[in-house]
Amino acid sequence: MIIDLPSTTTSQVNSKLVQLREEGGAVTLGRVLTLVIVTDDGAKTEDAVDAANDASREHPCRVIVVARGARKAAPRLDAQIRVGGDAGASEVIVLRLYGELANEGASCVVPLLLPDTPVVAWWPHEAPAAPANDPIGQLAQRRITDAAAEKNPIRALDQRRAGYTPGDTDLAWTRLTLWRAMLASALDLPPHEKVTEAEVGGEADSPSTDLLAAWLAGALRVPVKRSKAARGEGIVDVRLVRRSGVVELVRPDGRVGTLSQPGQPDRRVALQRREIRDCLAEELRRLDPDEVYEVALGALGRIVRGRGPVKAAAARKPTTPARGAATRTTAARGAAKAPDPKAGAAPAEAAEAEAGAAPAEAVRNKAAQNRATQSRATQSRATQSRAARGRTQAKGARGEESQDRAARDEATRDEAAPAKVAPAARSTAGRSTSAAARTSAGKAASAKPPAGKSAAGEAPKSRSRAKA
């Protein structure tokens with residue numbers, strides 16, 4: 001049922017809602033939130049209302065449509081109330097604002113908000129650069145935009161990043177749910193290897209492709225290339241490079257994707273492009289800030305665009321400041337070791353300015369290099385100390401061995417000395433006995449024989465002595 005209230009006020013609209021509820025016999029409302037749709041009056045308004053009606057079947061709510069009409073017309077409020085089959089599981093209130101009243105949407109919405117329920121604001125087409133600063137956005141806990149519906153989707157995505165406030169989200173991010181689930185499940189399967197680089201291909205003006213590349217860059221912390229696909233709509237393919245091979249997810253027709261992994265057969269998965277009502281229903285399931293979306297927005301500046309190689313382009317970015325920081329560190333050390341008397345010492349302010357100008361990443365690289373150098377120096381000193389102790393111990397062992405050998409040689413000489421003295425003593429004693437015998441024999445020969453003995457008697461004695 002549709003009830004038109006031309007040239008009316010918000011109080012009259014509220015009174016009519018109470019009357020319809022009493023006539024229908026509804027004791028309670030049974031609504032869980034208030035969804036405020038902000039758009040321009042036109043043919044696209046009905047598309048947004050239809051999407052909200054479909055989402056209300058999962059989340060019963062009151063839908064308030066703020067349709068801004070011609071600014072040059074006289075100030076006027078035309079209202080329309082839809083209930084029953086024309087409102088799905090909700091009640092729809094369409095407020096068409098004309099003239100100066102078109103800029104006062106928040107004041108027209110406040111009297112119609114459900115009490116004690118969350119408020120969600122949705123801009124299905126053109127959205128403010130900072131939704132949280134919009135008057136209607138200030139009323140809401142969650143603010144939903146759609147960068148894909150803007151005239152320049154990529155620039156709109158940059159505006160979302162610049163004006164992000166916790167509670168903001170975008171349907172371009174919601175369209176990535178199936179892609180993120182498939183990629184995460186593929187990386188959960190063995191082999192569990194680190195992804196070294198990635199590439200995401202899609203339409204040139206696809207904000208979802210940029211967000212998917214940024215999500216991979218922030219989650220995997222690897223260089224991610226964003227390329228333009230030759231054919232296909234939205235996101236076309238994703239490649240994750242690992243040591244064992246490439247994990248690839250391709251969706252050329254916008255309906256069915258193919259997941260390829262090394263060592264496994266190709267699998268066909270459902271990756272149909274999601275409609276607005278499905279994305280809106282998913283966003284209404286949570287009313288707290290989306291931290292993952294915030295991280296993806298922050299990583300948009302880390303993706304690499306163009307057709308060049310991913311690894312080379314990504315390697316140039318962190319390497320250049322790191323090399324410059326290392327050069328400045330080496331120069332500073334050289335200047336500290338060998339100061340130039342003509343040049344003089346550099347002022348401390350200039351050194352602090354130079355250190356402050358260095359990028360944060362270069363400072364971290366320099367600190368890591370210093371820690372690595374200190375660790376290597378400590379290990380080298382420990383190795384030298386152990387080697388010195390080993391040499392000292394070896395010298396002591398060799399000294400003790402030499403002393404033992406000398407003691408053994410001296411003991412051997414002492415044992416051999418008596419054996420050599422005994423033969424010498426025996427030889428001396430023999431020589432002394434022979435000499436004494438010869439001396440006695442000589443003396444006996446020289447003695448004269450006794451008187452009365454004949455010569456014949458002396459002859460046998462002489463012969464006997466001669467024999468002796």
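**Exercise 1. Place Thr34 in its strand pair and sheet.**

Start with the partner: Thr34 stands opposite Arg62 in S3. Strands are DSSP E runs of at least two residues, numbered from the N terminus. The model is predicted: local features need pLDDT of at least 70, side-chain atom pairs count only at pLDDT 80 or more, and totals for chains, interfaces and linings use all residues. Residues are numbered from 1 along each chain as its sequence is written, and side-chain values use heavy atoms, without hydrogens and water.

Next, the pair. S2 (residues 33-40) and S3 (residues 61-68) run parallel, joined by eight bridges. Pairing requires at least two DSSP bridges between two strands.

Then the sheet. It is open, has eight strands and mixed pairing, and follows the order S1-S4-S5-S3-S2-S6-S7-S8. S1 (2-5) and S8 (168-170) are the edge strands, each pairing on one side only.

**Exercise 2. Find the largest nonpolar core and its main contributor.**

Apply the rule: buried Ala, Val, Leu, Ile, Met, Phe, Trp, Tyr and Cys residues joined through side-chain atoms within 4.5 Å. Buried means under 20% relative accessible area, with a 1.4 Å probe and protein chains only.

The largest core has 36 residues; Leu216 is among those with the most contacts inside it. Helix H7 gives the most to this core, seven residues. Helices are DSSP H or I runs of at least four residues.

Now list contacts (heavy atoms within 4.5 Å). Beyond four places away in sequence, Leu216 touches residues including Leu183, Val200 and Val238.

**Exercise 3. Count the disulfides and classify Cys61 and Cys108.**

A disulfide needs two cysteine sulfur atoms within 2.5 Å. The count is zero. Cys61 is buried, at 0% relative accessibility. Cys108 is buried too, at 6%.

Definitions and conventions: Buried means under 20% relative accessible area, exposed over 50%, partly exposed in between (1.4 Å probe, protein chains only).
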